[in-house]
Each structure stands twice: as C-alpha cells, then as structure tokens.
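Q: Please take a close look at one residue and its surroundings in the structure below. Then work outward from there to the rest of the chain, keeping the cut-offs explicit.

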Amino acid sequence: MATLTTTVGLTSTDLFGDNLSLTASGSITISGASNALQNHSITTANYVLNPVSVQADSRGYLFVRHRGGDTEDQLLKIVVTSTVFGTMASGEVALIPLGDRSGTITYSAIASAGTCEVEFGVFEVTNT
C-alpha cells in the first residue's frame, strides 16, 4: 500500500487588503494502481492515454503532470470520459478525482500546439 499526502497553502499580505494564510492538507491510502506512472509525448491529436478499469467499491484518482513542451506557453488539455476537465500550463500538476465508479474510464490529453510531455497515472482507493 502507498499513501498520497498533499498540502496546499496560500499566503498574502496584499491580495485582499488583509493578511491571508490558508493551509489544507490530507492523505489517502492508495489500494492499487490501475496504471502506474507513465510518460508520453502528446501532440495536437486527441491522445488517449489509456482506458482503465476501476474496481467495484473503489474510487479512482488521475494524476497528471505537464512536464513542458516545445514552447513555454504550451497548454495541455485533459479530457476525462469525453468531458474537458481543464487546461494545464507547463509545470502544473493535477490530482483529478474520478469518482466512485466501476468500469472503464477513458482519459486523454491534447497539446495546444507542437508536442507536450506528460506524466500520468491512475490510482485506486478502496471505499470504506
């Protein structure tokens, strides 16, 4: 088993006129990997990373990291089961909850131009 631990923080002294300090952290126990971490070169074609099956009584999480592209401003669009989840800039990381579902989940990536490097994996968490 593995544990995924995340911490997100935001601090500012001038964003809203007051001091701001927010921190959230948590962890989940990973019960399996539908797809271990992989690296791919993505072009402007809709590139299906890999359809995966999430086990019954489990939740899936898609990990994506935009590792850069031909140019600094190259964007990477992430699509989960025919729905655009979001667009990532170079260097950004996302952990996308795929929900409490079983069966095949298709996810893909599309580069805004040229070629992008993407790292991805799907992990499962058993429902308790």
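A: Leaving out residues up to four places away in sequence, Ser 12 touches Asp 18, Asn 19 and Leu 20, where contact means heavy atoms within 4.5 Å. The model is a predicted one, in which local features need pLDDT of at least 70 and side-chain atom pairs count only at pLDDT 80 or more, while totals for chains, interfaces and linings use all residues. Residues are numbered from 1 along each chain as its sequence is written, and side-chain values use heavy atoms, with hydrogens and water left out.

Ser 12 belongs to strand β1; strands (E, at least two residues) and helices (H or I, at least four) are DSSP runs, numbered from the N terminus. With a relative accessibility of 14%, Ser 12 counts as buried, a class that means under 20% relative accessible area, whereas exposed means over 50% and partly exposed lies in between (1.4 Å probe, protein chains only). The side chain of Ser 12 also reaches the backbone nitrogen of Leu 15, at 2.8 Å. This is a polar contact, that is, a pair of N or O atoms within 3.5 Å, of which, within protein, one must be able to donate a hydrogen and the other to accept it, and residues adjacent in sequence count only if both atoms are side-chain atoms.

Leu 15 leads on to the surface, where it forms a nonpolar patch together with Leu 10, Phe 16 and Leu 22, with about 420 Å² of accessible area in all. Such patches are made of residues with over 30% relative accessible area and no salt bridge, nonpolar side chains (Val, Leu, Ile, Met, Phe, Trp, Tyr) being joined within 5 Å and like charges within 9 Å; the areas come from the Shrake-Rupley method with a 1.4 Å probe, and for residues only the protein chains shown count as cover. One of the patch members, Phe 16, sits in the loop between β1 (2-12) and β2 (20-30), and its relative accessible area of 62% makes it exposed.

Beyond that loop, Thr 23 lies in strand β2 and is likewise exposed, at 61% relative accessible area. Its contacts, again not counting residues up to four places away, are Thr 7, Val 8 and Gly 9, and the C-alpha atoms of Thr 23 and Gly 9 are 4.3 Å apart although 14 residues separate the two in sequence. Met 1, in the segment before β1, is exposed with a relative accessible area of 86%. Outside its neighbours within four places, Met 1 is in contact with Thr 29, Ile 30 and Ser 31; the C-alpha of Ile 30, 29 residues away in sequence, is 5.9 Å from that of Met 1.

Further along the chain, Thr 81 is placed in the loop between β7 (76-80) and β8 (83-88) and is partly exposed, at 39%. Its C-alpha is 5.9 Å from that of Tyr 107, 26 residues away along the chain, and 9.2 Å from that of Thr 104, a residue of strand β10 (residues 103-105).

One salt bridge is counted, defined as a side-chain nitrogen of Lys or Arg within 4 Å of a carboxyl oxygen of Asp or Glu. Its partners are Glu 119 and Arg 65, at 2.5 Å from N to O; because Glu 119 lies in strand β12 (residues 116-126) and Arg 65 in strand β6 (residues 58-69), the pair ties together parts that are 54 residues apart in sequence. Glu 119 is buried at 11% relative accessible area, whereas Arg 65 is partly exposed at 32%.

For the chain as a whole, there are twelve strands and zero helices, and 30% of the 128 residues count as buried. Of the contacts with a separation of 6 or more, 75% involve residues 24 or more positions apart. The mean pLDDT, the predictor's confidence in each residue on a scale from 0 to 100, is 80 for the chain, with 83% of its residues reaching 70 or more. Among the elements, β2 has the highest mean (87) and strand β5 (residues 52-54) the lowest (67). Where pLDDT is low, the predicted coordinates should not be read in detail.
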